[in-house]
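Welcome! Please have a look at the sequence and the 3D structure below, and then read on for a short guided briefing.

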Amino acid sequence: MARVRLGGRAIAPEALAAHDRHRPRVILGVLAVLLVYAWCFTQAAADLGLPTPRDLVDLLGLDGAHVLDDDGNVEAKLRVSHTTRMESDDERLLLFAGLFGCFLSVYFAPLRRKAWVMVGWFVGLFALFYGASATGALVAAHLTIYLAFHPTGRRSVEVAALWGGLVAALLGARGASLGAVDERLVALVGAAVIASALAYRALRPALARGGRVVRLVRGALAQTCMIVVVVAILAEARSGAAWRLPVGILYFCTQWARVLVYRVDYEDGAVPRDLPLGEYLAVFLSPAAIANFTYAPYLGQGYAYLRERHLAEDKSALVRSGVRLWWLALVYLIFAEQVTAAFIAAVDRVFGVKVYAFTSQLVRADLRGAELSTATVLLSTFVDQARIYLIYGGVTHFRVGVWRVLGYRVDPQYDRPWLATNLAALWGRFAFHLREFLVRVFYYPVFLRVLRRRPALRIFAATMAATVVGNLVWGHVPPATLGDLRWATLARILSTWPYFVLLGLGISITQVVLIRRRRTRRPWTRDRRLILDVACAYLTFQFFALIHVFIRPQEGGSLASTTRLFLKGLGIEL
């Protein structure tokens, strides 16, 4: 049975052509904001002899303790992850320069070439940051997916030949010295190119026909990340030696959600079977995914979502919306820690209430036997969630801004969560793309198959499957374990199950109540019930923040101790 797909429809070719009109003035806006980013987060100002962020802070007589780092720049939450090839400031400067170059190239490229131009810039930047081997491994992994799913694609045999040569080059070059194995390596690559092309030509009819075995192969490839995690952790549990993934494979594995949604799109018929390679690669290899690639890796997920948002409006309007998001992200990145610290200090000074900036600090204080009031528990968890929103909001707004500058009307991951008056609305506003991933991959398969005559139970079961099983195992296990493939890491993340159960129960019950009791009033209408909206918004966000005590396990803690802390936040002392 085909799944119901969220989203709209692909943009008509005539509309795409109409939206692809040049307005060169927008280039200045992109250049200006990226120059400000370079001034804030790199050593460019000092190298050019210009005033630095520290000079400005000193001139204004401000306290830069929560804003500046040791280099005198703005403390960088925005970074290129998992690379040590150059200094972090130089990485960011190269990233900003590369984004501007990519924007210019994509903006002026012909419509049919935009995907390849974007992919080309990604490959070049990724190779500069991570090296040729990592880039080759990442590309080879995606070529594997493409060949399995698109045997009827144009030049698929040539793609198979490229895959074979790339894999042979990666394997043959490991530990070899240049010069000594040149001829041998060339012969190996040449043989692999020919063998791969011939083998794929023979396999292509079977792949095109499909069938149970082909579906199993495609399913296994889509679940590569989870298979790698399980195998690596079982190997560590047996031998005690933890695996360390090569960065190219690590990057591929962090795209687990996007690969799974791509597979759902494929099964729904939303992906052309003869999809060109460039259009496939553009779904995954975008410069928008380089900065902080482990943060919200499900941004811009799937083929259908991006296809329906590519040049969905005038591209210059998209660029301007991306620039506005970049400015907002800059505010968040600069002032998140400052605002948090100022609020904590003000509460302590005015009310004498101890507030911890991190929920993990709160949990550790409780384990040490510190006297914690209900106000301390509530305020600490609330502040930590607000801080996370500001920091992650800054990073994800920056990345969504890149998507928009490159011509995609991608939704923000976070969208004013303080306006949510119930938990279901908060989940959509606080984690939009994660929710869409869980809905596509877990909610719909359950919703369309079980309890069809019991609407309330049907929604409850589907929501619990998505927010408990899907969110815990597929949504949180990979980010927690990919960089630390040990049994202890998996056990720690699985021990946080009460958070997912409470979240799932809250969202499920909210949805069931909403379908049974239709709203007759729109939230935040300016009437006498506005104060009720304020109260509901606070209680919703506070509950969401409070249950995070279960997802911050600390050494020496237990489910009983965390439950007592949670109940203390509800005013219940045990």
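Let us start inside: Asn292 counts as buried because its relative accessibility is 0%; buried means under 20% relative accessible area, exposed means over 50%, and partly exposed lies in between (1.4 Å probe, protein chains only). This is a predicted model, where local features need pLDDT of at least 70, side-chain atom pairs count only at pLDDT 80 or more, and totals for chains, interfaces and linings use all residues. Residues are numbered from 1 along each chain as its sequence is written, and side-chain values use heavy atoms, with hydrogens and water left out.

**Backbone angles to look up**

- Asn292 sits in the loop between helix H14 (277-284) and helix H15 (303-309); helices (H or I, at least four residues) and strands (E, at least two) are DSSP runs, numbered from the N terminus.
- Asn292 is not a glycine, yet its phi is positive, at about 45°.
- Most residues other than glycine have a negative phi.
- Trp524 is another residue other than glycine with a positive phi, near 70°.
- You can find Trp524 in the loop between H23 and H24, and with a relative accessible area of 29% it is partly exposed.

**The whole chain**

- How many helices and strands does the chain have? There are 25 helices and zero strands.
- Along its principal axes, the C-alpha trace spans about 75 × 70 × 60 Å.
- The chain has a radius of gyration of 25 Å, which agrees with the value near 25 Å for a compact globule with 574 residues.
- That radius is taken over C-alpha atoms, and the globule rule is 2.2 Å times the number of residues to the power 0.38.
- Of the 574 residues in the chain, 52% are buried.
- One of the residues to locate is Ile344, in helix H16 (residues 315-351); this isoleucine is buried, with a relative accessible area of 16%.
- Ile344 and Leu50 are 294 residues apart along the chain, and their C-alpha atoms are separated by 34 Å.

**Salt bridges**

- The structure holds 20 salt bridges, each one a side-chain nitrogen of Lys or Arg within 4 Å of a carboxyl oxygen of Asp or Glu.
- One of them joins Asp415 and Arg429, whose closest N and O atoms are 3.8 Å apart.
- Asp415 lies in the loop between helix H18 (374-405) and helix H19 (423-430), while Arg429 lies in helix H19, so this pair ties together parts that are 14 residues apart in sequence.
- Asp415 is partly exposed at 30% relative accessibility, and Arg429 is partly exposed at 22%.
- Arg435 and Glu436 also meet through their side chains in a salt bridge, at 2.9 Å from N to O.
- Are these two partners buried or exposed, or in between? Arg435 is partly exposed at 25% relative accessibility, whereas Glu436 is buried at 13%.
- Asp533 forms a salt bridge with Arg521, and here the closest N and O atoms are 2.7 Å apart.
- This pair links distant parts of the chain, 12 residues apart: Asp533 is in helix H24 (residues 530-546) and Arg521 is in the loop between helix H23 (497-516) and H24.
- Asp533 is buried, with a relative accessible area of 7%, and Arg521 is buried too, at 18%.
- Asp20, Lys114 and Lys315 are joined into one network by salt bridges that share partners.

**Patches on the surface**

- Which residues gather in a patch of negative charge on the surface? They are Asp47, Asp70, Asp71, Glu87 and Asp90.
- Patches are made of residues with over 30% relative accessible area and no salt bridge, where like charges are joined within 9 Å and nonpolar side chains (Val, Leu, Ile, Met, Phe, Trp, Tyr) within 5 Å.
- Asp and Glu count as negative and Lys and Arg as positive, while His and the chain ends are not counted.
- The place of a charge is taken as NZ of Lys, CZ of Arg, CG of Asp or CD of Glu.
- Asp90 belongs to helix H5 (residues 88-108) and is partly exposed, with a relative accessible area of 40%.
- Leu56, Leu59, Leu60 and Leu62 make a nonpolar surface patch of about 430 Å²; accessible areas come from the Shrake-Rupley method with a 1.4 Å probe, and for residues only the protein chains shown count as cover.
- Leu60 is found in helix H4 (residues 53-60), and at 53% relative accessibility this leucine counts as exposed.
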